[in-house]
Amino acid sequence: GEVLMLQSGILFQDRYRIQCEVGRGSFGIVYAAEDVRVGGIVAIKILLPWTRGNLSLRHRLKREAKLTRLLKSPHAVRILDLDEVAGGDLFIVMEFLSGEELTQLVRREQRIAPARATEIALQTLHALGEAHSLGVIHRDLKPQNIFMCRGADGSDFVPIVPEPRAP
């Protein structure tokens, strides 16, 4: 099937003004968009065509999106919506993160001080532990899904991007 590509400037689902593509992975393409209804920037992940016919995957994604909304951890990325377009492609609307993947940080700095690495791990585990208590398992924890942001005081702030996988 065709991949649903969104052009900059279009109004997606009568609500989200697409700004630009910000990433792509094995699961989907992520765009930054303005929520014209409530303001602010969101991330929209359009799932790739291979997910269309996978009913168990679609069911799990919908279940996990609902459960993820219950997470209180500041390190769990907020899922704002999960729906599908007319052609059957699922899309997930999430809070937009400003920062970089842990992979990029490691590539740039080569070595991370043990105290900093420990803090990154603790923040990661905070989100994962709470998700596990609700029965949500990440399934694809890797440096590309650990996002490095800056807290107001300049310290590392680590939200985890949910990335459920096909079984």
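**Exercise 1. Identify the bridge partner of I79 in β6, and place the two strands in the sheet.**

Solution. The bridge partner of I79 in β6 is M94. Next, β5 and β6 (residues 90–95) run antiparallel and are joined by 5 bridges; strands count as paired if DSSP finds at least two bridges between them. Strands here are DSSP runs (E, at least two residues), and helices likewise (H or I, at least four), numbered from the N terminus. The model is predicted: local features need pLDDT of at least 70, side-chain atom pairs count only at pLDDT 80 or more, and totals for chains, interfaces and linings use all residues. Residue numbers start from 1 along each chain as its sequence is written, and side-chain values use heavy atoms, without hydrogens and water.

**Exercise 2. Determine the strand order of the open sheet and its edge strands.**

Solution. The 6 strands follow the order β1-β2-β3-β4-β6-β5, with antiparallel pairing. The edges are β1 (11–12) and β5 (79–84), each of which pairs on one side only. Helix α1 (residues 55–68) packs on this sheet and touches β4 (41–47), β5 and β6, a contact being heavy atoms within 4.5 Å.

**Exercise 3. Describe how F12 and F91 form an aromatic pair.**

Solution. The centres lie 4.9 Å apart and the planes make 75°, so the pair of F12 and F91 is edge-to-face. The rule covers rings of Phe, Tyr and Trp (its six-membered ring) with centres within 6.5 Å: planes under 30 degrees apart are stacked, over 60 edge-to-face, the rest tilted. F12 belongs to β1 and F91 to β6, 79 residues apart. Both F12 and F91 are buried (under 20% relative accessible area; exposed is over 50%, partly exposed in between; 1.4 Å probe, protein chains only).

Methods. Axes are lines fitted to C-alpha atoms, for helices over the stretch in contact, and angles run from 0 to 180 degrees between N-to-C directions.
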